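Reader: I am new to this structure and would love a guided close look at one part of it. Could you pick a strand, walk me around it, and then show me how the rest fits in?

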Amino acid sequence: MAEEDSTPQPAKEARAGDDPPKGDFPLQKKSPKLCGSNYPLSIAFIVVNEFCERFSYYGMRAVLTLYFLSFFHWDENLSTAVYHAFSALCYFTPVIGAIMADSWLGKYKTIIYLSIVYVVGHLVKSVGAIPSLGNQAVHVVLSMVGLFLIALGTGGIKPCVSAFGGDQFEEEHTSERSKFFSIFYLSINAGSLISTFVTPVLRGDVKCFGEDCYALAFGVPAALMVLALVVFIAGSGLYRKTPPQGNVLLEVCKCIGFAIKNRLKNRSSEIPKRDHWLDWASEKYSKQLIGEVKMVTRVLFLFIPLPMFWALFDQQGSRWTLQATKMNADFGIYVLQPDQMQFLNPLLILVFIPIFDLGLYPLINMCKLNFTPIRKMATGMILAGLAFGLAAVIEVKINETDMPRLVPKESLIRVLNLAKNPVQVTIQDKDLFQQPVESFQNPAEYSKLILNGEQQSLHFTLQHQGLTLAFNYTVKEKSVYSLIVFEAEGSLSSRLITDLEAKPENGLAAARFINGLSQDVNLTIDSKRFIAVQKNYSASEYSLLERDIYNNGKCITETGEFPLELGLLDFGASYTIVITNISGGAVETWKSEDIKANNVHMAWQLPQYLLISAGEVMFSITGLAFSYSQSPASMKSVLQAGWLLTVAVGNTFVLIVAEAAPMAQWAEFVLFTVLLFAVCIIFSIMGYFYVSVDPEDLEEKEEKRDTSSRGNMIGLVTQKTKL
């Protein structure tokens, strides 16, 4: 997963009227070098710190959606909305961190203090995932407080760590500094890659408190963040610490605000017009700052359509993960957890960057195609849109094994004939079950019942070997039933039992047992699952089980203990298992698949991950590099803030769609595809009319323009303006 950080700039000269830097800031301190090179030893601590911090963040976030879904039992839309609210907050808070570092504490102290907040958030989050600690409300409160602190911590240090690493180099070592940022970027993706693969294993393959071990899945990232803080503090004596130098983002905002305010005050037709609306700030701000703000606003204008890309991109951890829970994850030698698929993105990023930089882009240049940065970004948008188009197609295929969605006054029913001979079933006033149901016949699809109200008493007639029997059962709307027909004490009988209305969540299998013996049984499915079923065709409740082959169970009766073999209980399937007989020292069973297993393999998500990862390389890396090239070096922090805010706005858009406009998942994927294609067209038009500039040339042009227009600034209203 690509991560963008602004390259630090040399310290600015102190301006008249500025307060002198406070605290101990040894600007000229020289750190020991690594193995006689020009690399300061201090950067080793910073790189390790970044690896551990990214491991903690991405590892925690990888399991977050399933945590909401299975631990809190929230629905998919609410889980998605909260996930993206957290992600948006993580990209709003860098502005706070940048202001703290540049205007108050300096980078070093900001990293220390906010890392402590970060650690506390992780610990609170981990404690909130312990099932035995309090009730649901306690878990939710602890988790939300923990997530807020994590968002404040990770966002706050985001603009500081890489810049602080750049501060460690002396000005003459620019090539080493550039290589440092490559290593720094590698540590980010390495931490993301390893954590998104490992933490889902800790969640799903390790069991604690009788269920998925979310406390461990959150606890390990918490431990890594503690390690990150300890490592960073350990290098304290080696760091070059620059003093706070004022936040350029605040200066830009004040300049823009003053220009707008001054223009509104001077609307008189007698006042000469100015070439640019920002020129109205010239009464208070220098021409150099105004010229730089003009350059950066041109680029920020291009940022307006960009949030839609991030709205799609960040759904890898929410909607795509939820899609993976409904797929077959068996790869033969390894069974992937659904949230593990996210590791493909950082892996593919590390693969694609050299392929694109050393292969694809040079090949395009050899073909003399003008593949400008704007066109690269538009291509990245198209690839992301195609990825969501593929996701929509896969979602449609997945839905083929889902239970039908029921509306009011509808129910579903089927017949399980456990008798020895065929049975003809009729329901009064309902045209169902035209053919007799054979003994132990695999049931057909559920039949739809249309009721005359929220519930209805139905008259059932069974014809069996010339005998006719009648039963009345009350059926409720939007429910699913199985009519069990069996022989008890020499006569035919029946029982109406309730089935699952939807697939088991998170790729689990569901199984219930019907005891056809004349004695009660106690079943052991695995070492931790015990089920008691009464005699004479009583049915147990459904039990949720991990997908596995269960051939080591036991059936305990009054007459002894017998082995129980159930075979494969597959992803997302629901089973009714009938114990029919005990013969030859073994239990005989008949297994019926109530809900079909997930038959779309998780490997089908690979193309959409390939497309969106390629799109990220072309969009994200190209976009930030292009925007930096179009503005002065002093404005990089402003562009960094603008870029991160596009990510925040994109995540905000997703949570609005998830909560305000719920729809079928495939339709939502199509909606995002169409929206991104529309935004891509708008962005392409904006890019077509955008003229690339050299910031140095533009600065010279602004200086000439300022000289020629200086005589026109007369008769301005400057009330309440301190010049």
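**A close look at strand β8**

Author: Happy to! The accessible surface of this protein, in what is a predicted model, comes to about 32100 Å², and 60% of that surface belongs to carbon and sulfur atoms. The chain has 723 residues, of which 54% count as buried. Its secondary structure consists of 18 helices and 20 strands, and the C-alpha trace spans about 110 × 60 × 55 Å along its principal axes. Among contacts between residues at least 6 apart in sequence, 73% join residues at least 24 apart.

Now to the strand itself. Please find β8, which covers residues 480-488. Is this strand enclosed or open to the outside? Of its 9 residues, 7 are buried, so β8 is largely enclosed by the rest of the structure. Buried here means under 20% relative accessible area.

Next, which strands pair with β8? One partner is β3, residues 410-417, which runs parallel to β8 and is joined to it by 6 bridges. To see this pairing, look for Val 415, which stands opposite Leu 483 of β8. Another partner is β9, residues 491-498, and here the two strands run antiparallel, with 8 bridges between them. In this pairing, Ile 484 has Arg 495 of β9 as its bridge partner. As background, strands of a sheet pair through backbone hydrogen bonds, in either a parallel or an antiparallel way.

The turn from β8 into β9 deserves a pause. These strands make a hairpin with 2 residues between them, and in that hairpin Glu 489 takes a positive phi near 55 degrees. If you step back to the loop that comes before β8, between β7 and β8, you will meet Lys 478. This lysine also has a positive phi, about 55 degrees, although it is not a glycine. How accessible is Lys 478? Its relative accessibility is 40%, so it counts as partly exposed, given that the partly exposed class lies between 20% and 50%.

From that loop you can follow the chain back into β7, which belongs to an open sheet of 3 strands in the order β4-β6-β7, with antiparallel pairing. The edge strands are β4 (424-427) and β7 (467-476), each of which pairs on one side only. On average, neighbouring strands of this sheet are turned by 25 degrees against each other, ignoring direction. Between β4 and β6 (residues 455-464) there are 4 bridges in the antiparallel sense, and Gln 424 stands opposite Gln 463 of β6.

After β4 comes a loop that leads to β5 (447-450), and Phe 440 lies in it. Like the other residues we paused at, Phe 440 has a positive phi, near 50 degrees, and it is not a glycine. Its relative accessible area is 28%, which makes Phe 440 partly exposed.

Another hairpin makes a good companion to the one at β8. Strands β16 and β17 form it, again with 2 residues between them. β16 (residues 553-557) and β17 (residues 560-564) pair in the antiparallel sense over 5 bridges, and Thr 557 stands opposite Gly 560. In β16, one face is covered, with Gly 553, Cys 555 and Thr 557, while Lys 554 and Ile 556 make up the uncovered face. β16 also runs antiparallel to β11 (residues 521-526), joined by 3 bridges, and Thr 524 stands opposite Lys 554.

Finally, let us visit some helices. Helix α8, residues 214-234, has 21 residues and reaches 30 Å from its first C-alpha to its last, close to the 30 Å expected. Its buried residues include Tyr 214, Phe 218, Leu 224, Met 225 and Phe 232. The buried residues of α8 pack against α1, α2, α5, α6, α7 and β2.

The largest nonpolar core has 139 residues, and those that touch the most other members are Leu 64, Tyr 67, Phe 68, Phe 86 and Met 381. Helix α14 (residues 373-399) gives this core its largest share, 12 residues. For Phe 68, leaving aside neighbours within four places in sequence, the contacts are His 73, Trp 74, Ser 79, Val 82, Tyr 83, Met 144 and Leu 147.

Definitions and conventions: Residues numbered from 1 in each chain as written. Predicted model: local features only at pLDDT ≥ 70, side-chain atom pairs only at ≥ 80, totals over all residues. Heavy atoms only, no water. Buried < 20%, exposed > 50% of the residue type's maximum accessible area, 1.4 Å probe, protein only. Pairing = 2+ DSSP bridges. Axes fitted to C-alpha atoms, helices over the stretch in contact; angles between N-to-C directions. Core = buried A, V, L, I, M, F, W, Y, C linked by side-chain atoms within 4.5 Å. Contact = heavy atoms within 4.5 Å. Areas by Shrake-Rupley, 256 points an atom, 1.4 Å probe, with all protein chains shown as cover. Expected span 1.5 Å × (residues − 1).
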